[in-house]
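User: I'm new to reading protein models and keep meeting labels such as "buried" or "edge strand". Could you show me how each label is earned?

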Amino acid sequence: MSEAYQNIWVFVETECGKAKNVGFELLNPARELADKKGCKLVAVVIGKDVEHVAKDAICYGADSAILVEGDEYEYYSTDAFATALFELIQKHKPETVIIGATNNGRDMGPRVSCRLKTGLTADCTALDIDEETGCIAWTRPTFGGNLMATIECPECRPQMGTVRPAVFKKAPYQADKTGEIIREDIHVAADAIRTKLVERVKEVAEAVNLEEADIIVSGGRGVGSAEGFATIRELADLLGATVGCSRAVVDAGWMPHAHQVGQSGKTVAPKVYIACGISGAIQHVAGMSGSDTIIAINKDEEAPIFEVADYGIVGNLFDVIPAFIEAYKKI
Ligand code: FAD
């Protein structure tokens, strides 16, 4: 293993000049790892007009930021982003590179690691350091979520991994924190980018941004039908919440997969998660147990969801939710 590799990098993903939350979230555990290792934490920001993101990354815990800007980075493309990150890694030789497991991160990370001939642990949910080897211990679910595997990369550098959004929380924003912003001039020629963005189309039904939502009202099989979700939506609209659901609901065709919370759906960490007619299977809980406050409505008092809930209401959701809405409107 080469001594030349040092420091921990977090890739802070941007699109159209805005950062995705996951990059800032990952700076929090990465800060702890860097402190334990006694190395620097560097944010890597690639985008168009994104200097403010580099500054924010420092305020969220990075010691410094590497900034690559250009028109070709306004929207994600595999060729432009993978090339830029690959060149940065070759030049600066980070010991560890952590990337959010978003659609773009899942596309870019493995391509870069393959070009570098190093390993990548995908879709992690926990990060630590193996005290004996000094390697990052990347933990991820395996065998359908029944086991957690901890993976280390003792031989190759950098050690790379993607980490799911909403698993970690952002550190408090320190507005007065300063750090160096290192500009790197990397440009990818238009003819080297083999894909072209023709048009951006918003999801037809509704924008589903579960990972960034503060409040989620989620429905399970207990909602009974696609039509039953009108009650869930009414409550969500009232609270300014996003609608989530269990896999049983997606399998039944009542809601699109974009709304699914859980191991094979999205991992969420809202301030409030209201689970309505959801039993609390381990695969569902895996995706929402990081919520600050969990409220469960279920007619079965033995339902496992009550074990993770902060507040539980035993009753028929079609009685409880309308009563709640009526009471809430009076406040
Ligand atoms: P059920 O388990 O059928 O529970 C329905 C609940 O509604 C019951 O507790 C019942 O008491 C209650 N209820 C019924 N009527 C009412 C009413 N009128 N009022 C109030 N309560 C009522 N699941 C996920 O959710 N997300 C995942 O990402 C996911 N990934 C998976 C991955 C794998 C590999 C596997 C094997 C499974 C996965 N599952 C996932 C499925 C999971 O195991 C459960 O089957 C699923 O979560 C059950 O959904 P549910 O709670 O809506 O339905």
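Analyst: Happy to help; this is a predicted model, and we will take the labels one at a time.

User: What makes S218 count as buried?

Analyst: Compare its value with the cut-off. Buried means under 20% relative accessible area, and S218 has 0%, so the label fits. This serine is found in strand β13, residues 215-219. Among the residues S218 touches are V261, Y273 and H284.

User: How do you know that S218 has a polar contact with G244?

Analyst: The backbone oxygen of G244 lies 3.4 Å from a polar atom of the S218 side chain. The limit for such a contact is 3.5 Å, so the pair is within it.

User: How many disulfides are there in the whole structure?

Analyst: Zero, according to a search of the whole structure. Take C114: the nearest cysteine sulfur belongs to C156 and is 12 Å away.

User: Why is C156 not bonded to C153?

Analyst: A disulfide needs two cysteine sulfur atoms within 2.5 Å. The sulfur of C156 is 4.8 Å from that of C153, its closest cysteine sulfur, so the gap is too far for a bond.

User: Are C114 and C156 buried or exposed?

Analyst: C114 has a relative accessible area of 57%; exposed means over 50%, so C114 is exposed. C156, at 30%, counts as partly exposed, because that label covers values between 20% and 50%.

User: Why are β8 and β10 described as standing at the edges?

Analyst: The three strands form an open sheet in the order β8-β9-β10, with antiparallel pairing. β8 (126-129) and β10 (147-151) each have a single partner strand, so one side of each is left without a neighbour in the sheet. From one strand to the next, the twist averages 30 degrees.

User: How do you know that β8 and β9 pair?

Analyst: Two strands pair if there are at least two bridges between them. β8 and β9 (residues 136-142) have four, in the antiparallel sense, so they qualify. Within this pairing, I129 stands opposite I136 in β9. Helix α1 (residues 21-37) lies across both strands, running at about 5 degrees to β8.

User: What makes α3 largely enclosed?

Analyst: Of its 15 residues, 11 are buried, so the rest of the structure largely encloses α3. Those buried residues include F81, L85 and I89. They pack against β1, β4, β5, β6 and α4.

User: How does the span of α3 compare with the expected one?

Analyst: Helix α3 (residues 78-92) reaches 21 Å from its first C-alpha to its last, close to the 21 Å expected at 1.5 Å a residue. Just after α3, K93 takes a positive phi of about 50 degrees.

User: Why point out a positive phi or a cis peptide bond?

Analyst: Because most residues other than glycine have a negative phi, and most peptide bonds are trans. Here, phi is near 50 degrees in C16, found in the loop between β2 and β3. K117, in the loop between α4 and β7, has a phi near 55 degrees. A cis peptide bond joins R157 and P158, with omega at about 0 degrees. P158 is found in the loop between β10 and β11.

User: Why do C16 and K117 get the accessibility labels they have?

Analyst: C16 is at 37%, so it counts as partly exposed, between the 20% and 50% cut-offs. K117 is at 71%, over 50%, so K117 is exposed.

Conventions
Residues are numbered from 1 along each chain as its sequence is written. This is a predicted model: local features need pLDDT of at least 70, side-chain atom pairs count only at pLDDT 80 or more; totals for chains, interfaces and linings use all residues. Side-chain values use heavy atoms; hydrogens and water are left out. Helices (H or I, at least four residues) and strands (E, at least two) are DSSP runs, numbered from the N terminus. Buried means under 20% relative accessible area, exposed over 50%, partly exposed in between (1.4 Å probe, protein chains only). A polar contact is a pair of N or O atoms within 3.5 Å; within protein, one must be able to donate a hydrogen and the other to accept it, and residues adjacent in sequence count only if both atoms are side-chain atoms. Contact means heavy atoms within 4.5 Å. Axes are lines fitted to C-alpha atoms, for helices over the stretch in contact, and angles run from 0 to 180 degrees between N-to-C directions. The expected span of a helix is 1.5 Å times one less than its number of residues. Lists of a residue's contacts leave out its neighbours within four places in sequence.
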